[in-house]
Structure formats: structure tokens, C-alpha cells
Amino acid sequence: MAKERFEKPTGTQDVLPGAVEKWLVVESKARDLCRRFNYREIRTPMFEHTGLFERGVGETTDIVEGEMYTFKDKGDRDLALRPEGTAGVVRAYVQNKLYGEPDVSKLYYIGPMFRYERPQAGRYRQFHQFGIEAFGAVDPAIDAEVVSMGYQFYKDLGLKDVKVELNSVGNAPSRAAYREKLLNFLRPMRDTLCSDCQRRMERNPLRVLDCKVDQDKFGGAPSILDSLDEECTTHFEQVKAHLDVMGVEYIINPRLVRGLDYYTHTAFEYKAAGIGSIDTVGGGGRYNGLVEEIGGPDQPGIGFGIGLERILLILENQGVELEAAKPLDVYFVALGEAADKEITKQLFKLRSLGYAAERDYLGRKMKAQMKSADRMNARYTAILGEDELNSGVIALKSMATGEQQTVKLEDLAASLD
């Protein structure tokens with residue numbers, strides 16, 4: 001009877017050795033960026049109560065309407081794998097009363113998200129995001145800081161030709177005024193729009209502008225910027241002024257509304273060519289009512305989410321080489337049973353001191369062991385035979401130059417520096 005062969009689920013990927021190192025570079029860049037901007041890491045559950053996303057993300061979004069992985073647990077509770085990071089961070093902010101801190105709460109996260117989407121280049125059903133959230137400040141300077149952080153992240157990685165698109169989606173009164181103007185524009189073309197647009201028109205017409213199918217029909221749509229009240233206009237102008245003094249270039253896109261319902265005021269996206277029709281590599285915005293919607297006090301917030309798979313794919317397509325992982329410090333070659341035991345001792349000692357060290361476990365001859373050291377990009381090979389062992393020394397060979405020296409066993413660690 002043939003054994004069943006298992007494969008990874010559709011829309012997921014195995015990140016294998018060799019690729020993992022690139023992920024680690026990207027993640028370390030993200031963490032270093034957050035250190036410089038004074039953001040602290042937060043880790044939230046990968047599943048939450050389904051209602052959190054229905055209230056936080058919005059019932060009319062694609063995510064809630066058809067992309068969430070939902071299930072009932074053994075207690076008959078409705079749960080969902082997190083489709084995005086913000087709602088869970090806001091829940092944690094409220095539940096743990098972080099709003100009681102005297103300063104702005106500046107948080108970041110890195111981790112997997114889950115959406116049932118049609119897989120394509122740069123889009124998976126399990127994907128990973130780096131995101132930040134800042135709570136407690138309405139100052140336009142924090143908006144500009146958040147936008148600039150994503151911009152700097154791409155620069156730190158060496159990504160080329162990244163563009164920032166910027167818009168304001170205003171406050172509730174501004175959006176109400178704009179909603180009527182937009183509906184007057186959309187209703188005459190209703191029958192020519194896709195089914196999703198027709199369904200969204202009455203429930204959330206701003207989402208129609210986010211449609212990828214009918215984008216060519218919205219060229220004459222009214223601009224939300226013309227419906228902003230004085231408060232929203234002033235806020236948006238100050239955000240732009242802060243970005244100007246930072247030297248962060250941006251493009252105003254009045255049709256940029258983002259795909260989630262919680263945004264207010266500033267909305268933005270990062271664009272970069274390199275993965276077919278998908279050019280958005282991240283984005284975010286301000287969400288002043290979300291904390292209160294999820295049961296907390298009336299606290300403003302702003303953040304972004306950046307997809308790591310898309311970044312890695314574009315970096316590869318642009319030919320950007322990430323920093324190589326640190327090489328192995330030393331590879332031990334043992335010749336004889338007594339030398340083998342001594343190498344076990346020396347290997348553990350060096351690892352305890354912080355060196356990356358390896359040895360042969362397959363009983364191969366010296367030539368094969370040297371080839372293994374070369375494949376592992378070892379800086380040195382340390383060769384120990386019976387004669388060396390009896391003299392208390394070991395042969396240390398530089399793999400870069402081929403030079404070989406004899407050092408005392410007790411001096412081996414110092415010789416690697």
C-alpha cells in the first residue's frame with residue numbers, strides 16, 4: 001500500500017536554509033530601524049475572536065467578507081487567524097491599559113498573517129508583515145514620522161525606485177460630504193461596474209475607488225481633498241510640510257483610500273515595480289476612532305504594515321544583494337580516534353565562547369572533510385592528528401589564503417580573532 005505523500009498547503013511556502021538568512025537580514029533591519037525611532041516590540045496571538053476583526057477591520061472589507069480563516073474552538077467560540085496586525089495590537093493596547101502610559105505608545109510587530117486569497121507572485125495565504133503602531137498623538141509630526149519610517153526601511157535595504165503615495169481620507173463629516181458627491185458620480189455608471197463595486201456602492205462607496213477591475217472608469221471621480229473641512233486640510237498640509245523638511249518625496253493620490261474601514265485623515269502606500277501587476281509593497285494610515293471602537297478610550301493611532309515576501313521578491317528582481325550571513329569560524333578535521341575525542345572537547349569549548357564551529361559526523365576522509373569546510377564557507381579549518389595531539393597543538397589553515405600555522409590547543413580561540 002502506497003504511503004500518502006504530503007505537500008505544503010496551497011498559498012504557503014517553505015523558507016529553506018539559504019533563504020532564511022535573507023529573511024533574518026530584513027527582520028534585523030526592521031528591528032534596528034525601530035530601535036532608532038524608539039518603537040518597542042509587541043507580540044500578539046495569531047488568532048483572535050472573529051468579532052475583533054469584524055469591528056476593527058470593517059464588515060464591508062474584502063478581508064472580513066471572504067478572506068478570513070475562521071473556525072470554532074472546542075468551547076464553540078468564533079475565532080479567526082489574524083488577517084492583519086493592527087486590530088490585535090489595538091486589542092492588546094486596550095486590554096493591557098497601555099493608554100495609561102505618560103508618553104506616546106510606539107509599538108512594532110513582525111509575524112505571520114493569514115488570508116484566503118488567490119495565490120500569485122508576492123501574495124500568499126500565509127504571509128508575513130512588519131508593522132508599527134503609534135497611539136496617543138494627533139500631531140501631524142507623528143504621521144510624517146510613520147510615513148518616513150517605511151521610506152527609510154526601504155532605503156536601508158537598498159530597494160530602488162520606491163514611491164510614496166499620500167492622501168487624506170478626512171474625518172467623519174468630511175467623508176459624509178464626499179460620499180454624496182461620489183455617489184452622484186458612480187450611480188449613472190452602476191450597471192457597467194463589477195459586482196463587487198455594485199455591492200459596495202451603498203454600503204461604503206469609498207471602497208469602490210479601491211477596485212482593481214474598474215479603475216479606468218474613475219478618472220473623472222471627485223477628489224476627496226475638495227471635501228475636507230478646515231481641520232482636515234490643516235492636518236494634511238502639516239503632514240506634507242513635515243515630510244518636505246525630511247526630504248521624503250511623495251505623490252498625492254486623491255483616489256487612495258486603502259482597503260480597510262478604520263482609516264481617518266492620513267492614508268499612504270509604498271509602491272515599487274518588480275512583481276508583475278502588484279506594485280504596492282506596504283501602506284497604512286491614521287485610525288483615530290479604532291481604539292474606542294474596540295472598547296478603549298478615545299485615543300488616536302497611526303501605523304503601517306509592510307509585506308516581507310513582496311520586499312524579498314523585489315530585492316531579488318532588482319538584483320539587490322543582502323548582507324551575507326556570518327561565515328562559520330572554524331571546521332574541525334579529526335584524524336584518528338583519540339583526535340576525534342579531543343575535537344569533541346574543543347568544538348564544545350569554542351561554541352561556548354561564542355564561535356560558530358562544525359565538524360564531520362559521517363566518518364569521511366580528510367579530502368571530503370575539507371570540501372565540506374569549503375561548502376560551509378568556514379574561515380579556518382583546524383586539523384588534528386595523533387602527532388599534533390601528542391604535542392598539544394593543532395594545525396590551523398586559513399581557507400581564504402591557504403596559509404597554515406601550528407597553534408597550541410589552549411590558544412586556539414585567540415588564534416581565530
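**Group meeting: contacts, a pocket and some loops**

I'll start with one contact: a polar atom of the E84 side chain sits 3.1 Å from the backbone nitrogen of T86. That is a polar contact, meaning a pair of N or O atoms within 3.5 Å; within protein, one must be able to donate a hydrogen and the other to accept it, and residues adjacent in sequence count only if both atoms are side-chain atoms.

Some housekeeping. This is a predicted model, where local features need pLDDT of at least 70 and side-chain atom pairs count only at pLDDT 80 or more, while totals for chains, interfaces and linings use all residues. Residues are numbered from 1 along each chain as its sequence is written, and side-chain values use heavy atoms, with hydrogens and water left out.

Back to E84. E84 is in the loop between strand 4 (78–81) and helix 4 (86–95); helices (H or I, at least four residues) and strands (E, at least two) are DSSP runs, numbered from the N terminus. With a relative accessible area of 4%, E84 is buried. Buried means under 20% relative accessible area, exposed over 50%, and partly exposed in between, using a 1.4 Å probe and protein chains only.

E84 and T86 are also in the UniProt record, an unreviewed entry, whose "binding site" annotation covers E84, G85, T86, R115, Q129, E133, R258, Y262 and Y263. UniProt positions are given in the numbering used here, feature names are shortened, and annotations may be inferred rather than shown by experiment. Y262, from that list, is in the loop between strand 8 (251–252) and strand 9 (264–275). Its relative accessibility is 8%, so Y262 counts as buried.

Next, the second largest pocket, with a volume of about 380 Å³. Which residues are closest to its centre? They are K22, W23, L312, L313 and E316, out of 18 lining residues. Helix 1 (20–37) and helix 10 (308–317) are the elements that give two or more residues to this lining. Helix 10 supplies the largest share, five residues. By class, the lining has nine nonpolar, four polar and five charged residues.

On the terms: a pocket is found on a 1 Å grid over the protein atoms alone, as an open set of points where a 1.4 Å probe fits, with protein on both sides within 12 Å along at least five of seven lines; lining residues have an atom within 4 Å of a point. Grid points are joined across faces, edges and corners, and the volume is the space filled by probe spheres set on the points. Ala, Val, Leu, Ile, Met, Phe, Trp, Tyr, Cys and Pro count as nonpolar, Asp, Glu, Lys and Arg as charged, and the others, Gly among them, as polar.

Now backbone angles. Most residues other than glycine have a negative phi. D161 has a positive phi of about 55 degrees, lies in the loop between helix 5 (140–157) and strand 7 (163–168), and is exposed at 62% relative accessible area. N377 has a positive phi of about 60 degrees, lies in the loop between helix 12 (366–375) and strand 14 (380–384), and is partly exposed at 49%.

Last, cysteines. How many disulfides does a search of the whole structure find? Zero, a disulfide being a pair of cysteine sulfur atoms within 2.5 Å. C34 is buried at 0% relative accessibility, and C232 is buried at 0%.
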